[in-house]
Amino acid sequence: MKNTIIKYYSTNRRSPEVTFREALLGGLAPDGGLYLPDSFPLIDKSELESFSGMEYHEIAFSVLEKLIGNEIGHSDLKQICRDAYCFEVPLEKVKDRKYIMRLDRGPTASFKDFAARVMSRLMQYFLASGDSRLTILTATSGDTGSAVASAFYGLPDIDVIILFPKDEVTDMQRKQMTTLHKNISVLAIDGKFDDCQRLVKQAFMDSSLSHLPLSSANSINIGRLLPQSVYYFYSWAKLSGKLNDRATFSVPSGNFGNLMGGIVASKMGLPVDHFVISTNENDEVPAFFQTGVYTAIDPSRNCISSAMNVGHPSNLARIIDLYGGMMNEKGIITREPDMKKIRDELFSVSVNDTDTITTIKEVYSESGILLEPHGAVAWRGLNEYLGRQGNSHPAGTLSIALETAHPAKFPAELRSIIKKDPELPAPLEGLTGKTENYTMLGNDYGLLKEFIINNT
Ligand SMILES: *Cc1c(COP(=O)(O)O)cnc(C)c1O
């Protein structure tokens, strides 16, 4: 079977369509928009059913091969998937048909490993066939930075510059980035995550830097989103695999990259009932879905689910595009999306810190399952959704809340909630003794620009 060739267009529609390779290495489109595939290949019924008997890396190959198989050799892609996915994806039953999917067993104990490990290998694959180098510039609220640092560490043709808000990541998250060295440079920005994100965007839009080979590893990069569709297929296949059995997923959301992976999966044929978008107190999207009016939250609110302290999700422009609307790079909606369809398919709910903490306590005492703050937001959001559905959403419906980090990444928070220390998984052990190396930088674009020029 020959795949149709998929092209990638910009949500701003003012740049030419490109191949996957160009979208991956470019990051942001030249017009400031975000790339999206111009069509979604369907996975047929018998192949979907066959996923139940497959390993994670095999499902990953099947899904990604449909999307990018025209641009990479099959045996290379197979090898990349096998290499990238060498860890468990536990599916824990809480009760009835309600599950937690743990995406926290990768090398940096966050779900961002799933995307970063494939994206880095794909970038290196495409670069190795030419003589060019790449510098990855990325903003992090904690987990992206460590996942990207780990995934790109030591790659021959790629340098990485990571910006993090100096007071908003945990010691462990910082050490995961700052103890690697080699091709990984880390900048502690005197600002918030949104400031880091804004600085990175400004560098990408700066025509005086356009001679530099800059790209992004944030979820503005389409290479982050496509691999994130795989665990939606995997969990459905392992827990059901029956085509008439539609699953509901609750996704703890900040920049909505994780959710975009789910939307890609559903467009490729995964039987999805609903997506529950669970946010923390940064409720700009729940408010938007309710009122139809979008207002970013600036500055974003500090919540214990810190990786979701995002006042303007960078993937919102993609979601609005997929629902027939348009949002420009300034976050202004220039064409209304189909709000009715959005409300029919996506349920969005905001969970405050008090409820997040109560949820961690309750789930731990009732079922012995330890959630960290992001997973707790997802679990709470799922239950609010199911509660509101009442009888129209039978208890037999498969529902899956995504746990996006390992509890041990939040020792202080969990110690104060459950009165004991979460156990450290192997990858997080041994960080304490290592030497850290990073540069403090003011929240100022001129300073960042100077650093980029001196370090690429
Ligand atoms: C990044 C992150 C999120 C938010 O994911 P998005 O794709 O930005 O919506 C949630 N939980 C954790 C632990 C994260 O690191």
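This is a short tour of the nonpolar cores and a few backbone oddities in a predicted model.

**Stop 1: the cores.** Start by selecting Y8, F152, L163, F233 and F249 and showing their side chains. They belong to the largest nonpolar core, which has 127 residues, and these five touch the most other members. Next, pick V363, I369, A378 and Y385. They are among the 20 residues of a second core, separate from the one you have just seen.

**Stop 2: a cis peptide bond.** Now go to D298 and P299 and display the backbone between them. What is the geometry of the peptide bond from D298 to P299? That bond is cis, with omega near 0°. To get your bearings, colour α12 (284–291) and α13 (316–322): P299 is in the loop between these two helices.

**Stop 3: R13.** Move to the loop between β1 (8–10) and α1 (20–26), where you will find R13. Check its backbone torsions: phi is positive, about 60°, although R13 is not a glycine. Is R13 buried, partly exposed or exposed? Its relative accessible area is 46%, so R13 counts as partly exposed, since that class ends at 50%.

**Stop 4: K182.** Finish with the loop that runs between α7 (171–178) and β7 (184–189), and select K182 there. Here too a residue that is not a glycine has a positive phi, this time about 50° for K182. With a relative accessible area of 66%, K182 is exposed, as the cut-off for that label is over 50%. If you keep both R13 and K182 on screen, you have a partly exposed residue and an exposed one to look at together.

Note on methods. Residues are numbered from 1 along each chain as its sequence is written. This is a predicted model: local features need pLDDT of at least 70, side-chain atom pairs count only at pLDDT 80 or more; totals for chains, interfaces and linings use all residues. Side-chain values use heavy atoms; hydrogens and water are left out. A nonpolar core is a set of buried Ala, Val, Leu, Ile, Met, Phe, Trp, Tyr and Cys residues joined through side-chain atoms within 4.5 Å. Buried means under 20% relative accessible area, exposed over 50%, partly exposed in between (1.4 Å probe, protein chains only). Helices (H or I, at least four residues) and strands (E, at least two) are DSSP runs, numbered from the N terminus.
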